[in-house]
Amino acid sequence: MLSRKTVWFWKSGIAAISFVWMLCISGCTDAPLEENTASEARIEVQAVPEEPQEDEEEPQEDAKKSQEDPEEIINICIDLYEKAAEENKSADLDTMRSIINRLGENGYPAVDSRNQVNMTGAEQVVEFCEMVDAKEEAEITIIEISYLPGFVKYDLQTKNGNVDVARSYYKYENGTLQRSATGRYQAEYWNYTEEGYLMFSGVWYSEELYILTLSGVEENTALRVQPLDETCRELTRKYLTPIGFEQNNMFLVDWSEEDFGELNFYDMYDILYQKENGEHVPYAPDDNLGVGAVYRIPKEEFESIIMTYFNIDRETLQSKTVYDSEDSAYEYKPRGFEEVEYPEYPYSEVIGYTKNSDGTITLTANVVFPHSGNSKVYAHEVVVRPFADGGVQYVSNRIIPSEDNCEETWHTPRLTAKEWEELINTD
């Protein structure tokens, strides 16, 4: 692979500040996200009378024991975990579906941590949410199945409109499901949304983590309660999830094949190169944190990646990038510290689609951001052009106007050529 690399030295102060910032960001991340989002659901919502009669005390005690003891849940699904481990399919969607359905058959509300399988026992969760709104007393347990594998068991209790959360994570390892983390908190945010999501958040404390971080663990949970058409889910996984929102603006700005607008093709190159080759781009930042690297990517290499996924001519692509006609190469600068993003991202979820007469498909999607407790940051339309060989070209993206649209807070734009020059020339 032929390429040429040039380096520019930045002020050491800038690099140092950015490095500290990067460390701070990484310290805020609770590494396995599934461990913080998995949950378990209880067989039924139980309203709690204010003054129980004597003959009601025993059932309430049994209900309390049921929330605290996970053995019944483990016994229901342990064979499915064992089978998945033997076949090396612990993170497969079919495995998630089989575990969730098994729990549902036994009366438990359950869903997967990526919200890719319809929740079982959804009506029980809706009833519990109604009791929260009515400020009645009730309790429920919701199971969220993790792809790690394992599950998180959320025991929820409500009184006077407040919701107390007891969460326990159970990890599957060496043929057993063992509890590895627990925490309790009162939900600081609670919302059953119009889009059919239960979203809640709070801060829980673990003795082990507190020793390391001297702080609690912020948890932002988003559980899709209402079912979603399976074709919509498949379209999401096939066309939207591979792009996502990390370090790119493909679904943040309006663009089309007639006018690519502010779509950043360097960000798209980073994402699509990995999609094509199964590895990150080889043009990495310099090992010296005070150095900014500049590469020259051969024309054929850069264009072959972009033109596979976009119907764009060379002249337009070159006008949207920095192209050196003498070397027949595209100038490429890896993202640096000034372009770091906070590592919490939303995801797009297709809620409707239209097959067009020209062979394209228009996808209507909501942007769901668990970190902010928002199940519809905004809605957008993405047009894709599928090919018979399984390939695809992205045709356009349009943000659907609405007064309720929220600003994207997670994205840091890539530096423009002017901004980059100003940075390296700073005294």
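A cavity here is a set of grid points where a 1.4 Å probe fits but cannot get out. With that in mind, let us look inside this structure, which is a predicted model. The count comes to two cavities of 30 Å³ or more.

| Cavity | Volume | Lining by class |
|---|---|---|
| Largest | about 50 Å³ | two nonpolar, four polar and two charged residues |
| Second largest | about 30 Å³ | six nonpolar, two polar and no charged residues |

**The largest cavity**

Start with the largest cavity, whose volume is about 50 Å³. Around this space you will find Asn 115, Gln 116, Leu 228, Arg 233, Thr 236, Tyr 347, Ser 348 and Glu 349. Two elements give two or more residues to this lining: helix H8 (230-240) and strand E16 (347-355). Strand E16 gives the most, with three residues. By class, the lining of the largest cavity holds two nonpolar, four polar and two charged residues.

**The second largest cavity**

Next comes the second largest cavity, at about 30 Å³. Its lining is made up of Tyr 81, Ala 84, Ser 90, Thr 95, Met 96, Ile 99, Pro 149 and Tyr 172. Helix H4 (71-86) and helix H5 (93-105) each supply at least two of these residues, and the largest share, three residues, comes from H5. In this lining, six residues are nonpolar and two are polar, with no charged residue.

Conventions:
Residues numbered from 1 in each chain as written. Predicted model: local features only at pLDDT ≥ 70, side-chain atom pairs only at ≥ 80, totals over all residues. Heavy atoms only, no water. 1 Å grid on protein atoms, 1.4 Å probe; cavity = no way out; pocket = protein on both sides within 12 Å on 5 of 7 lines; lining within 4 Å. Points joined across faces, edges and corners; volume = space filled by probe spheres on them. Helix = DSSP H or I, 4+ residues; strand = E, 2+ residues; numbered from the N terminus. Nonpolar A, V, L, I, M, F, W, Y, C, P; charged D, E, K, R; others polar.
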